[in-house]
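The following exercises concern a single protein chain and are to be solved with the sequence and the coordinates at hand. Each task is followed by a worked solution.

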Amino acid sequence: EFQTNGYPARRPWFPFAKDFNYQEVIPSIEDAYPYKVDALILYWNDTAYSTPAARATVERVLADETKLPFIVAIDIELGETSAWADLILPDTTYLERWSTPHVGSAINTKTSGVRQPVVGTFNASMDYTPFLPKTKTLEDILIGIGKAMGLPMDLKDENGNPIPLERAWDFHSQMITNIAEEDGGPGLSYVLERGGRFEDYSALYDGDKMTHRMTNRIHFYSESLGTSKDSMTGQQRDGLPHYEPIMDAMGNPMAGADPGYPMTLVTYKHAWHSMARTICNPWLVSIQEENFVELNASDAAARGIRTGDEVVITSPSLPAGTKGIAQVTETLRPGVVAIAHSFGHWEMSSKARTVDSVSSDFDPMRGRGIAANPLMRTDPTISNVSLQDKVGGSIAYSSTKVQVAKA
């Protein structure tokens, strides 16, 4: 039983993982903890599809106006989460945006790319109209909201002088100027013409060492971690590296907690898919139209399953199960089931929706296959959220026990 004061807290606290705990947003709204929420603004967010064990909670909470009276979604698709919004603010595509995308850690020279709109139009004041005139960039949406709220809308230059913030370009021009002028570099136009600023390859090494090498110490003991307490159990945390088995929020090991579900579910992404929305690209769908329930040949033989059979996969959190097509393979060890991400959408414009009295376009191909995340295990002590790491804040994508049977 949760206590008003002391331990356990009503929900876990994450003092060492303060950002991007997406799995906790909707469940915390449902519990009105640590406070009640009156409005939620979502940007490119598909928690219902992409977060383990989230579908039932998201749909329950977003349908309940006593829990969440107003939902705004900034999106380019009616995704599984944005389909529940009271108001949709149509976003732009990547071809209609300013941004400064960076590169992976394999590139070890300093690199800052700059993306700019390649379709749409600008006027003399650099006001941008995207290809579809009723859409807006995120920055223009937020600036418009700020103006409507009467918020101060000025940036400051390096001397503290105000720079009016009237449009997306006002914000991004300052960011691009910072990239351009670092270390006395070239000007704004130079960077825009080249799509960014790129350090010469000759700067990769400083003698026989990498120029941009890690110079900080590696600490094997974290004092801040070792002097903190678990918000649920009240126990002192260990500041040293150590192994822990998968546990629920109250510290109970999950091993053996789900008899009748002998296999372990894992998920992954194909090399040509990166997120929920990549199913919207028909060229990627043409590579593979749907995903499969993949299992080892020995597990398949024990269940009388062959490649191409329809199967039912069930879990403790989804005992009714969901159906998919089996693929028998030796690329998985016995006892493991794999389902690739990005397929099996129940929204994402996979079916018609009526918006402003107009029936939307849709592509049923986006609904083919099976989604893994709705199968995943909820925490048995906090039933509206997935199993999760209370220190790092990560979600358990590979800790659900399942059963597979021929349909």
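**Exercise 1.** Which residues does His-341 touch, not counting residues up to four places away in sequence?

*Solution.* The model is a predicted one.
Step 1: locate the residue. His-341 sits in the loop between β16 (336-340) and β17 (354-355).
Step 2: list the contacts. With residues up to four places away in sequence left out, His-341 touches Tyr-49, Ser-50, Thr-267, Tyr-268, Lys-269, Met-275, Ala-276 and Asn-373.
Step 3: classify the exposure. The relative accessible area of His-341 is 12%, so the residue is buried.

**Exercise 2.** Determine how the axes of α4 and α5 are arranged and which residues form their contact.

*Solution.* Two packed helices are described by the angle between their axes and the distance between the axes.
Step 1: obtain both quantities. The axes of α4 (residues 138-148) and α5 (residues 168-181) come within 8 Å and cross at roughly 120°.
Step 2: assign the class. Angles of 65 to 115 degrees count as roughly perpendicular and those over 145 as roughly antiparallel; α4 and α5 are therefore oblique to each other.
Step 3: identify the contact. Glu-139, Asp-140 and Ile-143 of α4 meet Ala-168, Phe-171 and His-172 of α5. By character, these residues divide into three nonpolar, one polar and two charged.

**Exercise 3.** Describe the burial of α4 and α5 and the elements that pack against their buried residues.

*Solution.* Step 1: consider α4. Buried here are Leu-138, Asp-140, Ile-141, Ile-143 and Gly-146. They pack against β1 (39-43), β2 (70-75), β3, β6 (128-129) and α5. Just after α4, Gly-150 adopts a positive phi of about 75°.
Step 2: consider α5. This helix has 14 residues and reaches 20 Å from its first C-alpha to its last, close to the 20 Å expected at 1.5 Å a residue. Its buried residues include Ala-168, Trp-169, Asp-170 and His-172. The cover over the buried residues of α5 includes β4 (111-113), α4, β7 (154-156), β8 (162-164), α6 (188-194) and β9 (196-198). Asp-183, with a positive phi near 60°, follows α5.

**Exercise 4.** How many aromatic pairs does a search of the whole structure find, and which residues do ring pairs link into a cluster?

*Solution.* Step 1: the search of the whole structure finds seven aromatic pairs.
Step 2: one of these is formed by Trp-98 and Trp-169, with 4.7 Å centre to centre and 45° between the planes, a tilted arrangement. The two partners are 71 residues apart: Trp-98 belongs to the loop between β3 (87-90) and β4, Trp-169 to helix α5. Trp-98 is buried at a relative accessible area of 6%, and Trp-169 is buried at 14%.
Step 3: Phe-122 and Tyr-128 form a tilted pair, 4.9 Å centre to centre with 35° between the planes. Phe-122 counts as partly exposed at 34% relative accessibility, whereas Tyr-128 counts as buried at 11%.
Step 4: ring pairs link Trp-98, Phe-122, Tyr-128 and Trp-169 into a cluster.

**Exercise 5.** Locate the cis peptide bonds preceding Pro-8 and Pro-34, and examine the positive phi of Trp-44 and Ser-349.

*Solution.* Step 1: the Tyr-7 to Pro-8 bond is cis, with omega about -5°, and Pro-8 lies in the segment before α1 (22-31). The Tyr-33 to Pro-34 bond is also cis, with omega about 10°; Pro-34 is in the loop between α1 and β1.
Step 2: Trp-44, which is not a glycine, has a positive phi of about 50° and lies in the loop between β1 and α2 (47-50). Ser-349, with phi near 55°, lies in the loop between β16 and β17.
Step 3: Trp-44 is partly exposed at 27% relative accessible area, while Ser-349 is buried at 15%.

Definitions and conventions: Residues numbered from 1 in each chain as written. Predicted model: local features only at pLDDT ≥ 70, side-chain atom pairs only at ≥ 80, totals over all residues. Heavy atoms only, no water. Axes fitted to C-alpha atoms, helices over the stretch in contact; angles between N-to-C directions. Helix = DSSP H or I, 4+ residues; strand = E, 2+ residues; numbered from the N terminus. Parallel < 35°, antiparallel > 145°, perpendicular 65-115°, else oblique. Contact = heavy atoms within 4.5 Å. Nonpolar A, V, L, I, M, F, W, Y, C, P; charged D, E, K, R; others polar. Expected span 1.5 Å × (residues − 1). Buried < 20%, exposed > 50% of the residue type's maximum accessible area, 1.4 Å probe, protein only. Phe/Tyr/Trp six-rings, centres within 6.5 Å; stacked < 30°, edge-to-face > 60°.
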